[in-house]
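Open the model in your viewer and follow the stops below. Each one says what to select and what is there.

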Amino acid sequence: MTKTPDQLSALAKPALDTYLKSATTAFESVERLIALNLNTARSALEDGSGFVRALLAAKNPKEILDLQSSFAQPFAQKSLAYYRSGYEIVAQSLEECLKPYELQFAEANKLAIIAIEKAAQAVPGGGEVAVAAMRSAIAAANSTYDSVTKATRQAVEITEANVAATADAAIKAIETNAAATHKKSA
């Protein structure tokens, strides 16, 4: 069966639209990551210079220890917030980039099933085995695709939970260490 230019164009247009949506999402995510990095760098510069000024104004070792304790916890919290934000941007970007492809895959799957059903009606006697094999192959491909998609989403959820748990544990450890250091200096 020969495809006309109009048919080829009709087939290529959804693929191009999907690609453009994904590319746009990727660029927007890069912009968000750049903004996150610039804002974090600006904040780190401001916080660091404030800390150095406070150290220079310290009158004794106890004040220096107190400054270190008071600086460590907010620094750790900001660092963890930075990593969480970066991870969220990447995870959202990945999800948004994959969504159009999932829709396109579903549509292609529907068209393949319709084509198989039409072929099944036109197949001469004895061709049912080939049609059944094609149906089975499509069902297996769909099952595999669903399994991979579910596994990927579960991996993302587990990673998000681990990042949150690690961040919470790190903050608690820093708080405990800061409290112990503060007690020793008191």
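What share of the 186 residues of the chain counts as buried? The share is 15%. Keep in mind that this is a predicted model.

**Stop 1: the whole chain**

Select everything and color by secondary structure. The chain holds three helices and zero strands. Follow the sequence from start to end and the pattern reads α-α-α.

Now turn the view along the principal axes. The C-alpha atoms fill a box of roughly 95 × 35 × 10 Å. The radius of gyration of the chain is 28 Å, whereas a compact globule of 186 residues would have one near 16 Å.

Switch on the surface. About 13,300 Å² of the chain is accessible, and carbon and sulfur atoms hold 66% of that area.

Next, show contacts. Take those with a separation of 6 or more: 79% of them join residues 24 or more positions apart.

**Stop 2: color by confidence**

Color by pLDDT. The chain averages 82, and 92% of the residues score at least 70. Where is confidence lowest, and where is it highest? Helix α3, residues 128–185, has the lowest mean, at 77. Helix α1 has the highest, at 89.

**Stop 3: a nonpolar patch**

Select L16, Y19, L20 and Y101. Together these residues form a nonpolar patch on the surface, with about 410 Å² of accessible area. Which helix gives the most to the patch? Helix α1, residues 5–57, does, with three residues.

Zoom in on Y19, one of the patch residues. Its place is in helix α1. Why does Y19 count as partly exposed? Its relative accessibility is 48%, and partly exposed covers the range between under 20%, which is buried, and over 50%, which is exposed.

**Stop 4: Q77 and its contacts**

Move on to helix α2, residues 61–122, and select Q77, which lies in this helix. Q77 also counts as partly exposed, because its relative accessibility is 33%.

Which residues does Q77 touch, leaving out those up to four places away in sequence? Select I171 and E175: Q77 touches both.

Finish with a distance. Pick the C-alpha atoms of Q77 and I174. Along the chain these two residues are 97 residues apart, yet their C-alpha atoms are separated by 9.2 Å.

Notes: Residues are numbered from 1 along each chain as its sequence is written. This is a predicted model: local features need pLDDT of at least 70, side-chain atom pairs count only at pLDDT 80 or more; totals for chains, interfaces and linings use all residues. Side-chain values use heavy atoms; hydrogens and water are left out. Helices (H or I, at least four residues) and strands (E, at least two) are DSSP runs, numbered from the N terminus. Buried means under 20% relative accessible area, exposed over 50%, partly exposed in between (1.4 Å probe, protein chains only). Contact means heavy atoms within 4.5 Å. Patches are made of residues with over 30% relative accessible area and no salt bridge: like charges are joined within 9 Å, nonpolar side chains (Val, Leu, Ile, Met, Phe, Trp, Tyr) within 5 Å. Accessible areas come from the Shrake-Rupley method with a 1.4 Å probe; for residues, only the protein chains shown count as cover. A salt bridge is a side-chain nitrogen of Lys or Arg within 4 Å of a carboxyl oxygen of Asp or Glu. The radius of gyration is taken over C-alpha atoms; the globule rule is 2.2 Å times the number of residues to the power 0.38. pLDDT is the predictor's confidence in each residue, from 0 to 100.
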